[in-house]
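Q: Please take a close look at the ligand site in this model. I would like the contacts described atom by atom where possible, with any other local features worth listing afterwards.

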Amino acid sequence: MAIIVDQGKNIFTLHTKNSTYQMKVDELGFLLHTYYGSRIDNTDMSYLIYNMDRGFSGNPYEIGGKDRSYSLDTLPQEYSCFGTGDYRISALRIKNGDGSRGVQLYYDKYILNKGKYSIPDLPAVYADDDESETLEIIMKDPYSHVEVHLYYGVLEKNDIITRAVKVVNKGSEKIVVEKAASLSLDWISQDFDWITFYGRHNMERITQRSAINHGIQAIGSVRGTSSHHYNPFAILCEKGADETKGQCFGISFVYSGEFLMEVEKDQVNQTRLVCGIHPDNFEWNLLPGEEFNSPEAIMTYSPHGFGQLSRNLHETIREHICRGEWKHKRRPVLVNNWEATYFNFTGDQLVEIAKDAAKLGVELFVLDDGWVGKRDNDNSGLGDWYPNEEKLGCSLKELAERILDTGVEFGIWFEPEAISEDSNLYREHPEWVVRIPGRPPALSRNQLVLDFSRKDVQYYIIERMSDILSEVPITYVKWDFNRSICDKFSNELGPEYQGEFAHRYVLGLYRVLEELTTKFPHILFEGCSGGGGRFDPGMLYYTPHIWCSDNTDPIARLTIQYGTSFGYPVSTVGAHVSTVPNHQTRRVTPFSTRAYVAMSGIFGYQLDISKMTEEEKDDIRKQIEIYKNRYDLIQNGHYYRLLPPTSDMCTVWEIAAKDGKEAIITAVYHNVEANPAPVMVQVQGLNESGSYQLELDTVFWEDKLDEKVKNWLLSKLPYGYGEGELISGAALMKGGLVIPPAFQEYQAWQIIIKQC
Ligand code: DGJ
């Protein structure tokens with residue numbers, strides 16, 4: 001049993017492989033949070049709570065003058081409430097029927113179930129009954145008659161506890177839920193850092209570590225989507241924690257809309273973290289008897305640093321978030337025409353790219369933006385989901401068939417949530433656009449947003465896309481969305497209900513995705529929002545991988561993919577090889593470096609293969625062969641960050657087989673120095689007693705280097721790379737491995753380590 005209930009003392013203890021989480025109902029009926037950390041026994045951890053009379057931290061009425069040290073303002077709470085004596089950041093804020101903002105929850109009862117709860121209309125972790133348990137705790141406010149159900153899903157083996165909340169109006173008047181976070185987490189005493197992932201278009205998920213100081217710090221989004229700017233994921237860790245040591249807690253929010261993750265260090269150095277839907281654009285009306293379900297938050301704990309924390313999340317997202325036929329199926333190597341042609345293409349040109357690609361081992365051709373309505377640039381055509389046959393030179397079906405004839409599958413781009421002012425759809429349905437009446441809406445990429453909170457809009461998109469997907473032999477859909485949402489207003493909601501718009505939009509998006517992915521289970525859906533603007537576990541429930549960034553420069557990708565790897569597995573990261581100079585940064589990098597970086601993701605090309613030299617084509621053939629051979633290990637192995645992109649010379653990461661018998665190390669020199677110091681890493685995840693052989697991929701340079709450089713390099717290879725040279729697992733893990741030096745700028749190496 002992962003969940004232990006001590007009925008006598010009203011203590012709930014949740015155990016995972018390496019962690020314990022505990023709550024206790026106190027004598028007044030408040031649910032206190034007593035512990036989250038390394039796995040312990042079922043000891044009542046409330047002995048750690050030490051109360052003192054703190055001036056200006058008042059006492060609940062029931063306790064009156066009897067004990068001035070008892071205060072909700074300092075006690076660790078399981079689900080913090082606004083307005084009734086806890087002045088810190090709170091999880092729940094309710095506007096009552098009389099206009100007051102006050103709520104306080106008292107324990108009522110609990111329900112224990114095998115298996116993992118699900119949430120109506122929202123994505124959530126799923127698991128079989130024999131791998132998960134659910135605890136539901138029901139709390140009540142006897143004054144405002146609000147009932148709150150706290151859900152806990154425990155995946156013991158994965159070191160995962162999920163949380164979600166349901167708010168029910170049990171009273172006789174309408175209430176407004178102004179904030180209903182999915183998770184509130186208190187630590188009695190810890191001096192934490194937190195790691196967050198910020199960014200922008202073309203540069204997502206940059207890692208930032210800062211101390212949690214007194215006051216409130218927050219990340220979030222009010223952009224309608226989870227955003228490029230802050231990912232809905234953070235790590236709290238003790239000072240000094242790193243990849244392999246130290247306690248750390250990961251919080252990942254399974255939601256693709258606006259979110260807020262706040263932390264506060266209080267007057268007595270306690271830390272509180274609250275995570276949920278962003279309250280700025282949120283107000284949910286509950287009539288008597290109605291309920292509101294929050295999205296889910298995932299918590300994981302590692303006593304051994306960030307590496308283990310990431311691997312817990314990787315496994316959970318791979319096995320318990322991603323769904324459908326493509327969950328375990330090898331994703332096809334694709335070529336996408338965006339960076340090859342942008343909007344300027346003809347059907348014949350596309351067929352030429354596909355033809356050359358097929359010969360080299362590419363398995364799928366993806367037709368990107370520019371095939372619909374009148375859309376030769378990004379100023380028009382969105383919403384008109386009818387192919388531009390004049391531009392294609394034939395019907396879409398005929399084009400798809402021509403592409404299939406070349407030997408690759410056919411995939412296609414959509415941007416279903418967007419609408420151009422210059423489109424037939426806009427002319428027919430201006431009321432379908434998100435905008436505030438009487439106020440001109442802000443444009444972004446010269447486009448507007450379709451009101452996905454509306455059923456008729458959802459229906460239109462489902463119908464239009466279904467028609468195309470049924471008629472044309474399409475096996476892959478790229479679902480893009482290229483702006484943030486402002487001017488929030490829906491023509492279908494009354495004035496009091498406009499605060500529901502942002503969340504209803506996300507529910508609408510999920511509904512459309514659920515319907516299309518169910519109707520077309522054989523189609524692989526790729527998520528995208530101008531690259532990684534909606535890279536979150538909510539989207540991954542529908543689209544098992546996401547285009548990670550519009551930036552395809554491998555050196556910039558080191559930073560982007562490094563940050564992404566903290567919360568997401570390689571199997572969710574769309575990564576493509578593109579041309580040089582790179583279109584985003586103008587940087588020139590070796591072809592093999594571009595390939596090695598893209599291989600730590602869902603691999604593909606975004607360049608005009610038909611214009612490449614025979615030598616380059618030969619390289620593509622080799623790259624694809626290598627990727628296919630290493631696919632299982634790369635996609636399902638254990639991921640280790642060995643050197644960050646902020647290190648002096650080289651970014652290094654490793655993917656090891658779960659049995660430790662094989663590993664791939666990728667090292668990319670992001671810097672050049674004269675007379676450089678050697679780059680050394682400690683390999684992880686091998687078998688200590690095993691003997692390993694190192695194999696350096698030489699396939700991309702062997703026949704290209706002149707003899708002098710080649711001989712120099714071969715003479716400089718560290719011990720272990722030569723034939724018959726074996727090194728023990730213990731030596732590689734505790735001593736280390738020397739990365740061969742670079743012989744050119746932005747050199748990348750892939751090293752295969754095999755137990756023999
Ligand atoms: C943004 C995407 O991230 C790109 O890959 C491409 O599909 C463009 N949109 C097309 O408009």
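A: The ligand site comes first below, followed by a helix pair and two backbone features.

The model is predicted, and every value here is computed from it. The ligand is surrounded by 13 residues, of which Asp368, Asp369, Lys478, Asp480 and Asp550 come nearest. Sorted by class, this shell holds six charged, four nonpolar and three polar residues.

Polar side-chain atoms approach the ligand at several points. One belongs to aspartate 368 and lies 2.6 Å from a ligand oxygen atom. Lysine 478 also places a polar side-chain atom by an oxygen atom of the ligand, at 2.7 Å. For asparagine 482 the partner is a nitrogen atom of the ligand, and the distance from the polar side-chain atom is 3.3 Å. As for accessible area, the ligand taken alone exposes 300 Å², and the protein buries 99% of that. Aspartate 368 and lysine 478 thus appear both in the list of residues that come nearest and in these polar pairs.

Next is the helix pair. Helix 3 spans residues 347-360 and helix 12 spans residues 614-636; their axes come within 9 Å and cross at roughly 55°. Helix 3 is therefore oblique to helix 12. On the helix 3 side, the contact is made by Asp356, Lys359 and Leu360. These meet Lys617, Ile620, Arg621 and Ile624 in helix 12. By class, the contact between the two helices has four charged and three nonpolar residues, with no polar ones.

Two backbone features remain, each located in a loop. The peptide bond that joins valine 580 and proline 581 is cis, with omega about -10°. Proline 581 sits in the loop that runs between strand 30 (573-578) and helix 11 (591-599). The other feature concerns asparagine 10, a residue other than glycine with a positive phi, near 55°. Asparagine 10 belongs to the loop between strand 1 (3-6) and strand 2 (11-15).

To return to the site itself, the ligand has 99% of its 300 Å² buried by the protein, in a shell with six charged residues among its members.

Notes: Residues are numbered from 1 along each chain as its sequence is written. This is a predicted model: local features need pLDDT of at least 70, side-chain atom pairs count only at pLDDT 80 or more; totals for chains, interfaces and linings use all residues. Side-chain values use heavy atoms; hydrogens and water are left out. A residue is near a molecule or strand if one of its heavy atoms lies within 4 Å of it. A polar contact is a pair of N or O atoms within 3.5 Å; within protein, one must be able to donate a hydrogen and the other to accept it, and residues adjacent in sequence count only if both atoms are side-chain atoms. Accessible areas come from the Shrake-Rupley method with a 1.4 Å probe; for residues, only the protein chains shown count as cover. Ala, Val, Leu, Ile, Met, Phe, Trp, Tyr, Cys and Pro count as nonpolar, Asp, Glu, Lys and Arg as charged, and the others, Gly among them, as polar. Axes are lines fitted to C-alpha atoms, for helices over the stretch in contact, and angles run from 0 to 180 degrees between N-to-C directions. Helices (H or I, at least four residues) and strands (E, at least two) are DSSP runs, numbered from the N terminus. Angles under 35 degrees count as roughly parallel, over 145 as roughly antiparallel, 65 to 115 as roughly perpendicular and the rest as oblique. Contact means heavy atoms within 4.5 Å.
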